[in-house]
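Me: Please take a close look at one part of this model for me. Pick a single residue, describe its surroundings, then place it in the whole chain.

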Amino acid sequence: MSWFTILANYLLSGFIPNEFSSNQRKKLKRDCLDYYWDELYLFQICTDGVIRRCVPEEEQVEILEAWHSSPYGGHHGGARTTTKVLSCGFYWPNLYKDASDLVKHYDECQRAGGISKKNEMPLTTILEIDIFDVRGIDFMEPFMSSCGNTYILVVVDYVSKWVEAMALPNKKLEV
């Protein structure tokens with residue numbers, strides 16, 4: 001008998017299979033404290049406090065494939081597929097193992113794989129620079145004379161975007 005049938009039979013009628021040992025009987029009674037039967041469905045109160053519907057074996061593969069390989073599934077790994085199934089309110093004891101096995105045996109996922117170290121882009125460090133570490137100087141010439149000045153010297157700090165401009169009468173700067 002499946003786990004689902006055993007739990008449902010115990011919750012509905014108190015029936016425990018004859019082949020169970022005394023330890024298995026105690027474990028079944030203890031485990032059933034987290035489960036309850038409502039109409040046609042078996043529910044479990046999970047450790048995170050969420051009540052999830054227990055899924056019989058016949059529906060498990062269909063649910064896993066729906067969340068893994070549907071157009072909106074994304075072909076994620078076993079852990080991510082399990083998280084999606086749990087977030088939809090479904091549960092069964094071998095969910096983690098079943099999701100992992102599905103991904104391992106899904107041909108399309110095995111062919112895709114991740115990016116290998118060979119194909120990764122190298123990481124580059126971010127340079128830390130201070131204000132006025134990177135400057136640009138430009139000399140603009142000749143303009144119409146204004147107050148005797150026909151040239152402009154422009155200095156730009158590329159970090160802070162600070163601009164200084166100076167009008168000059170000739171190309172020679174004397175300090």
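**A close look at R53**

Reply: R53 is buried: its relative accessible area is 17%. The cut-off matters here, because buried means under 20% relative accessible area, and R53 falls under it with 17%. Keep in mind that this is a predicted model.

Where does R53 sit? R53 belongs to strand β3, which covers residues 51-54. Leave aside residues up to four places away in sequence, and R53 touches Y41, L42, F43, E59, G89, F90 and Y91. Strand β2 runs over residues 41-45, and Y41, L42 and F43 are among the contacts of R53. Helix α3 spans residues 57-69, and E59 is another contact of R53.

Strand β3 also holds residue 54 at its end. Is C54 buried or exposed? C54 is buried, with a relative accessible area of 1%. What about disulfides? The structure holds 0 of them. For C54, the nearest cysteine sulfur is that of C46, 7.4 Å away. A disulfide needs two cysteine sulfur atoms within 2.5 Å, so C54 and C46 do not qualify. C147 contrasts with C54 in exposure: C147 is exposed, with a relative accessible area of 79%.

Next, the helix that packs on this strand. Helix α1 covers residues 3-13, and its buried residues are F4, I6, L7 and A8. What do they pack against? The buried residues of α1 meet α2 (22-31), β1 (35-38), β2, β3 and α3. Strand β3, the home of R53, is thus one of the elements packed against α1. Just after α1 comes G14, with a positive phi near 75°.

Now the whole chain. The protein has 6 helices and 7 strands. Along the sequence they follow the pattern α-α-β-β-β-α-α-β-α-α-β-β-β. The C-alpha trace spans about 110 × 35 × 30 Å along its principal axes. The radius of gyration is 36 Å, where a compact globule of 175 residues would be near 16 Å.

Burial and contacts complete the picture. Of the 175 residues, 27% count as buried, and R53 and C54 are among the buried ones. Take contacts between residues at least 6 apart in sequence: 35% of these join residues at least 24 apart.

Last, surface and charge. The accessible surface comes to about 13100 Å², and carbon and sulfur atoms account for 56% of that. The protein carries 18 positive and 24 negative charges, and their mean positions lie 6 Å apart.

Methods:
Residues numbered from 1 in each chain as written. Predicted model: local features only at pLDDT ≥ 70, side-chain atom pairs only at ≥ 80, totals over all residues. Heavy atoms only, no water. Helix = DSSP H or I, 4+ residues; strand = E, 2+ residues; numbered from the N terminus. Rg over C-alpha atoms; globule rule 2.2 N^0.38 Å. Buried < 20%, exposed > 50% of the residue type's maximum accessible area, 1.4 Å probe, protein only. Contact = heavy atoms within 4.5 Å. Areas by Shrake-Rupley, 256 points an atom, 1.4 Å probe, with all protein chains shown as cover. Lys, Arg positive; Asp, Glu negative; His and termini not counted. Charge placed at Lys NZ, Arg CZ, Asp CG, Glu CD.
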